[in-house]
Amino acid sequence: MPKMFGFALMGVGIVLLAFGIAAADSFASDVSRFFSGNPTDKSMWLMLGGTAAILAGGGGLWLSRSRP
């Protein structure tokens, strides 16, 4: 994986994670948390997708670093 692709994937992951955290603090998420005990599905998917993208980008950067 080229290094630029890894950095871009990590950047997208950080943005998705930030949107997910903001969505988890929204009024809709508070209402959902009141009735079901969990935040909204949208905020959960954004946080999971952001985490996965950060891990994939970091893993790609780590693997490209170890190659000559």
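**Notebook: confidence, helix α2 and a serine in helix α3**

I began with confidence by element: in the protein chain, α2 comes lowest, at a mean of 88, and helix α1 (residues 3-24) comes highest, at 93. I noted that this is a predicted model. I then looked up the whole protein chain. Its mean pLDDT is 89, and 94% of its residues reach 70 or more.

**Entry on Ser29**

I turned to helix α2, which covers residues 27-36 and holds Ser29. Is Ser29 buried or exposed? I read a relative accessible area of 0% for Ser29, so I put it down as buried. The cut-off for buried is under 20%.

Next I checked what the side chain of Ser29 reaches. I found the backbone oxygen of Ala24 at 3.2 Å. Then I listed the contacts of Ser29, leaving aside its neighbours within four places in sequence. They are Ala23, Ala24, Asn38, Pro39, Thr40 and Ser43. Ala24 therefore turned up in both look-ups, as a contact of Ser29 and as the residue whose backbone oxygen lies 3.2 Å from the side chain of buried Ser29.

**Entry on Arg33**

I stayed in helix α2 and moved to Arg33. Arg33 has 34% relative accessibility, so I entered it as partly exposed. That class lies between the 20% and 50% cut-offs.

Which residues does Arg33 touch, not counting residues up to four places away in sequence? I wrote down Ala24, Asn38 and Pro39. I had already noted Ala24, Asn38 and Pro39 among the contacts of Ser29.

I also looked up a distance. Arg33 and Gly11 are 22 residues apart in sequence. In space I read 29 Å between them, C-alpha to C-alpha.

**Entry on Phe34 and the patch**

I kept to helix α2 for Phe34. Its relative accessible area is 67%, so I marked Phe34 as exposed. The cut-off for exposed is over 50%.

Which residues form the nonpolar patch on the surface? I found Phe34 there, with Phe27, Val31 and Phe35. Together the four have about 540 Å² of accessible area.

**Entry on Ser64**

Last, I left α2 for helix α3, residues 41-66, where I found Ser64. Ser64 has 15% relative accessibility, which is under 20%, so I entered it as buried.

What lies 3.0 Å from a polar atom of the side chain of Ser64? I found the backbone oxygen of Leu61. For both serines, then, I had a backbone oxygen on record: that of Ala24 for Ser29, and that of Leu61 for Ser64.

How values were computed:
Residues numbered from 1 in each chain as written. Predicted model: local features only at pLDDT ≥ 70, side-chain atom pairs only at ≥ 80, totals over all residues. Heavy atoms only, no water. Helix = DSSP H or I, 4+ residues; strand = E, 2+ residues; numbered from the N terminus. Buried < 20%, exposed > 50% of the residue type's maximum accessible area, 1.4 Å probe, protein only. Polar contact = N/O pair within 3.5 Å; in protein donor to acceptor, adjacent residues only side chain to side chain. Contact = heavy atoms within 4.5 Å. Patch = residues over 30% accessible without salt bridge, like charges linked within 9 Å, V, L, I, M, F, W, Y side chains within 5 Å. Areas by Shrake-Rupley, 256 points an atom, 1.4 Å probe, with all protein chains shown as cover. Salt bridge = Lys/Arg side-chain N within 4 Å of Asp/Glu carboxyl O. pLDDT = per-residue confidence, 0-100.
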